[in-house]
Amino acid sequence: MGQVGMVDGRLLWRLWLVTMSGFAPLPATVGLSDVVDADLSRSLAEDLVVTLLVWAVFSLLAALYVYAALVRRARGTGVPVTVDALRATQERAFPAGQAERLRARIAASERAYDVTGGAGAWDFQWRPFRGRHAVTGSLTVDRSSGEARVLLRADQGLTDMPGQRRASAFVALCQVTRLGETG
């Protein structure tokens with residue numbers, strides 16, 4: 001799963017459920033308006049079934065859009081697009097010798113701010129999207145192997161948001177991975 005052409009059904013299912021719950025006020029409003037409306041042309045049960053089907057289809061289309069956006073963001077990074085993309089914490093290791101270059105690129109990025117630390121451990125804030133929301137990141141270097149590890153954590157406020165923002169740590173991981181693998 002997560003390979004080109006393979007859809008992670010668990011991720012799509014979770015995105016669909018999240019999207020449906022985000023759209024819940026819409027079918028509830030339509031359903032209530034049908035109950036209050038005196039000029040029903042069909043039975044109330046038929047109206048509710050149609051409303052629920054339309055709601056499910058639109059939610060599925062929105063979930064497919066978010067899934068495609070996550071696949072596009074991960075393309076070329078080697079980061080698999082699986083149900084784990086929705087985890088609030090994402091981690092990736094980079095080969096030995098890339099830590100200093102990666103730290104310099106993170107510090108120079110417009111998405112990063114509050115880059116602090118030294119002696120093999122740096123902390124930073126990373127904006128995966130336009131706007132003020134950020135994930136907390138850290139870059140550490142294993143002294144024995146020289147391997148660099150990036151750990152990104154999204155707070156509860158981001159992981160409760162709809163769409164791609166729910167996977168903000170995953171999006172940030174893809175962006176940082178691109179920094180580490182370019183040039």
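**View 1. An open sheet of five strands in the predicted model, with strand order β1-β5-β4-β3-β2**. The pairing within the sheet is antiparallel. Strands β1 (89-94) and β2 (112-118) occupy the edges, where each has a single partner strand, so one side of each is left without a neighbour in the sheet. On average, and with direction ignored, neighbouring strands of the sheet are turned by 15 degrees against each other.

**View 2. Helix α6 (residues 168-181) against the sheet**. Helix α6 packs on the sheet and touches β1, β3, β4 and β5 (148-153). The direction of the helix makes about 15 degrees with that of β1.

**View 3. Antiparallel pairing of strands β3 and β4**. Strand β3 (residues 121-126) is joined to strand β4 (residues 135-141) over six bridges. Within this pairing, Q125 stands opposite T136 in β4.

**View 4. Residue D114 in strand β2**. The phi angle of D114 is near 55 degrees, a positive value in a residue other than glycine. Most residues other than glycine have a negative phi. D114 has a relative accessible area of 53% and is therefore exposed, the cut-off for that class being over 50%.

**View 5. Residues 52-70, a span annotated in UniProt**. The unreviewed UniProt entry places the feature "transmembrane region" at residues 12-32 and 52-70. In the model, the span of residues 52-70 is 100% helix and 0% strand. The end C-alpha atoms of residues 52-70 lie 27 Å apart.

Definitions and conventions. Residues are numbered from 1 along each chain as its sequence is written. This is a predicted model: local features need pLDDT of at least 70, side-chain atom pairs count only at pLDDT 80 or more; totals for chains, interfaces and linings use all residues. Side-chain values use heavy atoms; hydrogens and water are left out. Two strands pair if DSSP finds at least two bridges between them. Helices (H or I, at least four residues) and strands (E, at least two) are DSSP runs, numbered from the N terminus. Axes are lines fitted to C-alpha atoms, for helices over the stretch in contact, and angles run from 0 to 180 degrees between N-to-C directions. Contact means heavy atoms within 4.5 Å. UniProt positions are given in the numbering used here, feature names are shortened, and annotations may be inferred rather than shown by experiment. Buried means under 20% relative accessible area, exposed over 50%, partly exposed in between (1.4 Å probe, protein chains only).
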